[in-house]
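Reader: Please take a close look at one part of this model, the cysteines, and set that part against the chain as a whole.

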Amino acid sequence: AGLAAPGLLAWLAISKYADHLPLYRIEQIAARQGVPLARSTLTDWVGRLGVALEPLADRLAELLRKRHCLHADETPVRQLDPGAGKTRHAYLWAYRSCVHDPGPSIVVFDYQTSRAGAHARAFLQGWRGHLMVDDYAGYKALFTDGVTELACLAHVRRKFFDLHAANASPVAAEALNRIAQLYAVEQQAARLPAPERLALRQREAVPVLEELRAWLLDAQRNVAAGSGTGKAIDHALKRWPALRRYAESGALPIDNNPVENAIRPIAIGKKNWLFAGSERAGRRAASIQTLIATAKLNGLDPAAWLADTLDRLPTCLNSDIDSLLPFADSTQP
């Protein structure tokens with residue numbers, strides 16, 4: 001990538017994508033340290049970096065599709081629309097491995113120009129497994145085509161939490177109390193192997209789930225349809241089969257928080273970098289963010305990993321690409 005050394009390129013990528021600094025601020029920081037770096041040069045380096053790292057991000061996506069359970073979510077980002085002289089909506093779709101998987105953790109960001117469900121189908125390439133999502137309709141076609149839906153208990157909880165915060169609703173308080181019991185079981189189960197986690201869920205969570213459903217059906221009869229409480233109850237009951245599915249396995253997640261946590265830094269960052277310059281720039285950025293986020297998930301220092309990888313990348317054979325992935329040494333795929 002030009003004349004820049006790997007350490008400098010790694011610093012640039014971390015500054016932009018982990019510390020969320022726009023390029024004009026990186027330019028100012030470098031100038032203050034006596035290093036004049038034109039913004040056009042920085043833009044060029046970021047673009048080349050994205051191209052160089054794309055094969056690694058693609059390989060992570062390939063490995064992710066071999067997993068049996070995934071999380072998915074999406075967040076809007078702005079993209080320049082040069083013809084119109086303004087910005088338009090694009091989306092960063094995020095896919096993450098399940099926290100209960102034995103292999104290394106993986107998160108992959110897929111930059112697309114819309115929120116159409118076709119993008120999820122294109123990314124998954126006929127993948128079959130359990131998919132944890134919120135209630136967005138774009139995923140629904142997958143569930144009629146061999147993918148098994150998991151619904152997010154945290155989303156259900158959030159609706160009751162907001163109700164309780166707004167008007168101290170006793171129905172919401174009771175729902176929160178019952179949901180808290182399910183999370184208490186998960187805390188106990190967190191470090192157990194899958195067979196023991198399943199046994200604990202069957203013993204402790206399944207009775208709570210059955211009582212929760214009976215209580216929700218009863219409460220539904222006593223609240224006004226269309227009220228906030230009514231809507232929160234309806235949402236839980238409508239998704240019930242997908243909500244309770246996790247308890248039938250020791251390897252499935254209870255909610256979608258792991259992928260939401262992976263997206264959160266990007267939600268913070270986009271307040272600073274404001275928009276992607278083009279669809280191509282968005283895709284390159286997604287490759288870099290994929291690798292930085294996966295490195296963090298695996299306990300690596302992204303800057304050190306990136307500098308080392310950029311050093312080794314030019315001489316690495318395609319057949320050895322897995323040795324460059326941001327996994328701890330003991331968790332190679």
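Author: This is a predicted model. Of the 333 residues of the protein chain, 49% count as buried, and that is the background for the cysteines. Cys98 belongs to the buried group, because its relative accessibility is 2% and the cut-off for buried is under 20%. Cys316, at 24% relative accessibility, counts as partly exposed.

As for bonding, a disulfide is a covalent bond between the sulfur atoms of two cysteines. The count of disulfides here is zero. Cys98 is accordingly in no disulfide; the nearest cysteine sulfur belongs to Cys69 and lies 4.2 Å away. A pair would have to be within 2.5 Å to be counted, so the sulfur atoms of Cys98 and Cys69 do not qualify.

The chain around these residues comprises twelve helices and five strands. Its C-alpha trace spans about 70 × 45 × 40 Å along the principal axes. The radius of gyration is 22 Å, which agrees with the value near 20 Å for a compact globule of 333 residues. Among contacts with a separation of 6 or more, 64% are between residues 24 or more positions apart.

At the surface, the protein chain exposes about 15,600 Å², and carbon and sulfur atoms supply 53% of that area. The chain carries 40 positive and 34 negative charges, and the mean positions of the two sets are 5 Å apart.

How values were computed. Residues are numbered from 1 along each chain as its sequence is written. This is a predicted model: local features need pLDDT of at least 70, side-chain atom pairs count only at pLDDT 80 or more; totals for chains, interfaces and linings use all residues. Side-chain values use heavy atoms; hydrogens and water are left out. Helices (H or I, at least four residues) and strands (E, at least two) are DSSP runs, numbered from the N terminus. The radius of gyration is taken over C-alpha atoms; the globule rule is 2.2 Å times the number of residues to the power 0.38. Buried means under 20% relative accessible area, exposed over 50%, partly exposed in between (1.4 Å probe, protein chains only). Contact means heavy atoms within 4.5 Å. Accessible areas come from the Shrake-Rupley method with a 1.4 Å probe; for residues, only the protein chains shown count as cover. Lys and Arg count as positive and Asp and Glu as negative; His and the chain ends are not counted. The place of a charge is taken as NZ of Lys, CZ of Arg, CG of Asp or CD of Glu.
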